[in-house]
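Reader: I'd like to talk this one through from the fold down to single residues. Could you put it up on the screen?

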Amino acid sequence: MPTSDYALSERITYKELAHAIHNGFSPIVEVESMDGIYTVRFHHPQGVSELSNEQGKTCTFLGTGEIRDKLGQLGLKHGILTFSDQCGDEMIGVPGHALTPDEMLAYGTRIAFR
């Protein structure tokens with residue numbers, strides 16, 4: 001990502017994201033699922049930014065279709081779908097442990113936006 005005249009914070013609006021992408025921002029996009037509700041995070045050299053509304057509240061989605069459409073319109077091509085609510089399979093006795101953010105990205109499912 002080229003040096004820019006703005007700093008990315010922990011929260012980023014869709015409008016700020018569009019501006020950043022237009023200026024060369026190329027994040028790793030994480031779409032996190034938690035019990036069927038999805039949030040979007042952007043991993044970049046300065047840290048992690050969460051997609052938020054104008055009031056600073058985290059944007060939530062009930063499916064990946066709207067996320068695909070919104071991010072695809074900005075030119076983002078793919079992301080990683082992670083599941084923070086799954087760490088084992090208690091039905092068959094497979095023990096689990098909470099995954100770290102890096103493990104979630106490494107073992108997530110690649111999804112397309114366009």
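Author: Here are some questions and answers on the fold, the core and the pocket.

Reader: Before anything else, where do these coordinates come from, and in what order do the elements of the chain run from the N terminus on?

Author: It's a predicted model, so keep that in mind throughout. The chain has three helices and six strands. From the N terminus on, they run β-α-β-β-β-α-β-α-β.

Reader: Which strands sit at the edges of the sheet?

Author: The six strands form an open sheet with mixed pairing, in the order β1-β4-β3-β2-β5-β6. An edge strand pairs on one side only, and that picks out β1 (11-12) and β6 (109-112).

Reader: And in which sense do β1 and β4 pair, parallel or antiparallel?

Author: There are two bridges between β1 and β4. I12 stands opposite L51 in β4. The sense of the β1 and β4 pairing is parallel.

Reader: Let's move to β3. Which residue in β4 does F42 stand opposite?

Author: β3 has a partner on either side in the sheet order, β4 and β2. With β2 it pairs in the antiparallel sense over seven bridges, and there V29 stands opposite F42. With β4 (residues 47-51) the pairing is antiparallel too, over four bridges, and the residue opposite F42 is S49.

Reader: Which residue in the turn between β2 and β3 has a positive phi?

Author: β3 and β4 form a hairpin with two residues between them. β2 and β3 form a hairpin as well, again with two residues in between. In that β2-β3 turn, the phi is about 55° at D35.

Reader: How many of the eight residues of β3 are buried?

Author: For the chain, with its 114 residues, 35% count as buried. The cut-off for buried is under 20% relative accessible area. β3 is mostly covered, and its buried count is seven.

Reader: Which residues have the most contacts inside the largest nonpolar core?

Author: In soluble globular proteins, nonpolar side chains tend to be buried together. Here the largest nonpolar core has 21 residues, and α1 (14-22), β2, β3 (37-44) and α2 (64-73) each supply at least two of them. L71 touches V29, V40, L76 and F113, among others. The residues with the most contacts inside the core are L17, F42 and L71.

Reader: Now my favourite part: which element gives the most residues to the lining of the largest pocket?

Author: That pocket has a volume of about 170 Å³. Two elements give two or more residues to its lining, β2 (28-34) and β5 (78-83). The lining divides into five nonpolar, four polar and two charged residues. With three residues, the top contributor is β5.

Reader: K77 is in that lining. Does K77 count as buried or exposed?

Author: K77 is found in the loop between α2 and β5. Exposed means over 50% relative accessible area. K77 has 52% relative accessibility, so it counts as exposed.

Reader: How far apart in space are K77 and F113, C-alpha to C-alpha?

Author: Across the chain, among contacts between residues at least 6 apart in sequence, 63% join residues at least 24 apart. K77 touches I111, A112, F113 and R114, leaving out residues up to four places away in sequence. K77 and F113 are 36 residues apart in sequence, yet their C-alpha to C-alpha distance is 5.0 Å.

Note on methods:
Residues are numbered from 1 along each chain as its sequence is written. This is a predicted model: local features need pLDDT of at least 70, side-chain atom pairs count only at pLDDT 80 or more; totals for chains, interfaces and linings use all residues. Side-chain values use heavy atoms; hydrogens and water are left out. On a 1 Å grid over the protein atoms alone, a cavity is a set of points where a 1.4 Å probe fits but cannot get out, and a pocket is an open set with protein on both sides within 12 Å along at least five of seven lines; lining residues have an atom within 4 Å of a point. Grid points are joined across faces, edges and corners, and a volume is the space filled by probe spheres set on the points. Ala, Val, Leu, Ile, Met, Phe, Trp, Tyr, Cys and Pro count as nonpolar, Asp, Glu, Lys and Arg as charged, and the others, Gly among them, as polar. A nonpolar core is a set of buried Ala, Val, Leu, Ile, Met, Phe, Trp, Tyr and Cys residues joined through side-chain atoms within 4.5 Å. Buried means under 20% relative accessible area, exposed over 50%, partly exposed in between (1.4 Å probe, protein chains only). Contact means heavy atoms within 4.5 Å. Two strands pair if DSSP finds at least two bridges between them.
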